Amino acid sequence: MSWASYLTPAALVAGAIAASLNIYALTAGADFGGGVWDLLASGDRKDRQRSLIADAIAPIWEANHVWLILVVVLLFTAFPPAFAQLMTVLHIPLSLMLLGIVLRGSAFTFRSYDSRRDSVQRRWGRIFAITSTVTPLLLGTILGSVATGAVGEQNPTTGSSFASVYVAPWLSPFPVAVGVLALVLFAFLAAVYLTVEATDDALREDFRARALWSAVAAAVVAVIVLVLARSEAPLVWRALMVGNAAMVLRIAATVVALGAMFALWRRSYRAARIAAGVEVSLITWGWALGQFPYLVPPDMTVQSAAAPASTLELLLIALVVGLAVLVPSLRYLFKVFKAGY
Amino acid sequence: MAVSLAFHIIFAEVGIAMPLMMTIAEWRWLRTGDAVYLDLAKRWAKGTAILFAVGAVSGTVLSFELGLLWPGFMRYAGAIIGMPFSLEGFAFFTEAIFLGVYLYGWDRISARAHLASGVLVAASGALSGIFVVIANAWMNAPAGFRLVNGQPVDIDPIAAMGNAAALSQTVHMTIAAYAATTLAVAGIHAFVLRRRAGAPLTEPLAHFHRAALTVTLAIGIPAAILQPISGDLSARFVARFQPVKLAAMEGQFATERGAALRIGGLPNEETRETPFALEIPHGLSLLAFHDLDATVRGLNEFPRDDWPPVMIVHLAFQAMVGFGSAMALVAAWAAVVALRRRALRYESTDRWLLLALIVIAPFGFLATEAGWIATEVGRQPWIVFGVLRTRDAVTPMPGLLIPFVLVSALYCALGAVVVWLLWRQIVKTSGAS
């Protein structure tokens, strides 16, 4: 089939979901990464690192967080059976992730509005930092488990054991490795963004070192994920290893990753930020297109799980209108708070 | 889920009404130059920020819980009723963006741009509440599809959003948000002002609390007085579309012409009677159908399987009406005082009115919870009225008690921290600046 025949309303909505996830990774992902660096803050400038992170996140994290809500509502409106399957089989990791999201957001807000006393601040800060670390781990694990096909294979109404339906699909090496990859990538993004937003050179050097180390870690974890994909997630393996498109993707990802490290080494922070963003986007789209046309492999495709055409068409109209409101608003938000960076 | 919703509904109410309070306060500040209004706007902005963050995360939990707990419902209804949730997503997005601008932009943008972003926060907050209530209304009055062999076909999301319950429910809930929040805040300020009796008019602390009362009651008085009217609209909808729910709300077992309105009473499902009630002849027929002799269908007409738990629905409904009426009366009283004075201003000498405001402060939230119980429990055993039973929609995963206990504990903790922080931020330090 040619590419044009894939351009159905269902595929467009699926594309919008992938795009929202991509933006979520680039924005909210970095907010989570900021929490990781809050947890790992060290050295003489510990407190200043933490307050830089808080200032960078505060005005934008709620707006960034909404991309995930958009993913969820698009999923359940456009692909109800897929949503029902995911939410049933992945009940446990999703609930834990939600717990993480709730605690992270509340703790961050409570820290800003509670007493300035150190002990109080440290308690909320601790919760914020730990949940910022655990949540991306779970998010990656969930996405990884879908790619393996194990989630789609389960049929909860048959008599299989609790563990085999509700635990085994996600608690295996590949999904967990994807979770670690998500965590490392988010931390990498945050460190790179913070080199641009740092208020002085000493802080900037702190985050430059962190960005470089996490870039190396991301490369190592990416290779592990790839190796595990061969046996556990053949769809992903094929997308990344078989054919010309896969080779282009591999080369592009490698070049961009090296480019980000080089730019960090040369202290060209803006260039590093662009390269880091492109790298994360390539990984997101590599995964999304690799899995396409499957939504929840091995059986549910974007077409077979889709809602009726009337719903999809209206949803696309709503998306266009919504974006027409959102994009200028978001530009305004970032212009007011991130101008000059 | 019920526990998450019980908390979320309060977070959401405050999240809808507080931005309006803060925007009006800022507007008053720009108009009068009286710094006390700026102080109020900033305090309420903090309250909005705390509530919005908690409302945002608890809203996320809910959007997931729809699937985590009710995969059967979402598989069935996602395509039909996902639309308002998607629109809510955008409205919520807009709110998040402009709240960020509002909270952190005091020194970065012009006064007019700042006020405008406050207006956008208030408007999009109200709008997202409306979209969510539309989805809930659909569960009471499903529309926009046909059933063929138990499967929905000919899905029309627009018709689903325009369902018969949408208008009455959204109006009722939006007014509830304004009435409950503003009168709750007014009660707190009334409490402090009352203790300042005898202080000179120019005293800053009394001035602060008087200003707060002016802004909150400017919204709260009309909202509380309009609410019974919108309640009448809702009740008449229920009477026509969900007669079994109306019968449960009223504890009406027999089908009667010219049915009486019961105040109080304890319905007994076994004997099919509602003893201990004060009965107003023809009252129910009059209220539900605007006709003294209209026929009200009783529970006996419906199969026992289709009854909601009558006792809970009846008591919750009575509680909502009771709390709401008390609020409307006090609001009318406050309006009379303001009219006599020819100014929306309250003094520490209005001792009895202030006392009444203190007493009714929690009534709005109590009425909301009671009303929500009445409409949700009243819909049982259906999750989508007349179409899908709740037991067919719940997740097959065993051991649901564990997530239930976890979520309940989490929300109780969140609720406690929010109350503590609001107290700390808005009330405790007030008048200090």
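**Exercise 1. Which residues of α14(A) are buried, and what covers them?**

Solution. The model is predicted, and the helix can be followed in it step by step.

Step 1: helix α14 of chain A runs over residues 309–338, and at 1.5 Å a residue its 30 residues should span 44 Å, which agrees with the 40 Å between its end C-alpha atoms.

Step 2: the helix α14(A) bends by about 25° at Leu323(A).

Step 3: with 20 or more other C-beta atoms within 10 Å as the cut-off for burial, the buried residues of α14(A) are Thr311(A), Leu312(A), Leu314(A), Leu315(A), Ser329(A), Leu330(A) and Leu333(A).

Step 4: the cover over these buried residues includes α1 (9–39) and α3 (61–78) of chain A, and it also includes α3 and α5 of chain B.

**Exercise 2. Describe the side of chain B that touches chain A, by number of residues, by helix and by residue class.**

Solution. Step 1: the contact takes 54 residues from chain A and 55 residues from chain B.

Step 2: on the side of chain B that touches chain A, at least two residues each are supplied by α2 (35–69), α3 (71–104), α5 (157–161) and α14 (401–428) of chain B.

Step 3: α3(B) gives the largest share of that side, with 22 residues.

Step 4: sorted by class, the side of chain B that touches chain A holds 38 nonpolar, 13 polar and four charged residues.

**Exercise 3. Which residues touch the most other members of the largest nonpolar core, and what does Phe188(A) touch?**

Solution. Step 1: the largest nonpolar core has 272 residues, and those that touch the most other members are Leu181(A), Phe188(A) and Leu189(A).

Step 2: the largest share of this core, 21 residues, is contributed by α3(B).

Step 3: in general, nonpolar side chains tend to be buried together in soluble globular proteins.

Step 4: when residues up to four places away in sequence are left out, Phe188(A) touches Ala211(A), Ser214(A), Ala215(A), Ala218(A) and Ala276(A).

Step 5: helix α9 of chain A covers residues 173–197, and its 25 residues should span 36 Å at 1.5 Å a residue, in agreement with end C-alpha atoms that are 36 Å apart.

Step 6: this helix, α9(A), is mostly covered, since 21 of its 25 residues are buried.

**Exercise 4. Work out how compact each chain is, starting from its helices and strands.**

Solution. Step 1: chain A has 14 helices and two strands, and its radius of gyration of 20 Å is close to the 20 Å that the globule rule gives for 341 residues, so chain A is as compact as a globular protein of that length.

Step 2: the C-alpha trace of chain A spans about 55 × 45 × 40 Å along its principal axes, and 54% of the 341 residues are buried.

Step 3: among contacts in chain A with a separation of 6 or more, 79% are between residues 24 or more positions apart.

Step 4: chain B has 14 helices and eight strands, and its radius of gyration of 23 Å is close to the 22 Å that the globule rule gives for 433 residues, so chain B is as compact as a globular protein of that length.

Step 5: along the principal axes, the C-alpha atoms of chain B fill a box of roughly 70 × 45 × 40 Å, and buried residues make up 54% of its 433 residues.

Step 6: of the contacts in chain B between residues at least 6 apart in sequence, 76% join residues at least 24 apart.

**Exercise 5. Where are Arg267(A) and His290(B) placed, and is each of them exposed or partly exposed?**

Solution. Step 1: most residues other than glycine have a negative phi.

Step 2: Arg267(A) has a positive phi, near 65°, and it is placed in the loop between α12 (244–265) and α13 (269–291) of chain A.

Step 3: because 13 other C-beta atoms lie within 10 Å, Arg267(A) counts as partly exposed.

Step 4: His290(B) also has a positive phi, near 55°, and it is found in the loop between α9 (283–289) and β6 (295–296) of chain B.

Step 5: because 11 other C-beta atoms lie within 10 Å, His290(B) counts as exposed.

Note on methods: Residues are numbered from 1 along each chain as its sequence is written. Chains are lettered from A and ligands numbered from 1 in the order in which they are written. This is a predicted model: local features need pLDDT of at least 70, side-chain atom pairs count only at pLDDT 80 or more; totals for chains, interfaces and linings use all residues. Two residues are in contact if their C-beta atoms, placed from the backbone, lie within 7 Å. Helices (H or I, at least four residues) and strands (E, at least two) are DSSP runs, numbered from the N terminus. Ala, Val, Leu, Ile, Met, Phe, Trp, Tyr, Cys and Pro count as nonpolar, Asp, Glu, Lys and Arg as charged, and the others, Gly among them, as polar. The radius of gyration is taken over C-alpha atoms; the globule rule is 2.2 Å times the number of residues to the power 0.38. A residue is buried if 20 or more other C-beta atoms lie within 10 Å of its own, exposed if 12 or fewer, and partly exposed in between; C-beta atoms are placed from the backbone. A nonpolar core is a set of buried Ala, Val, Leu, Ile, Met, Phe, Trp, Tyr and Cys residues joined through C-beta atoms within 7 Å. The expected span of a helix is 1.5 Å times one less than its number of residues. The bend at a residue is the angle between axes fitted to the seven residues ending there and the seven starting there.
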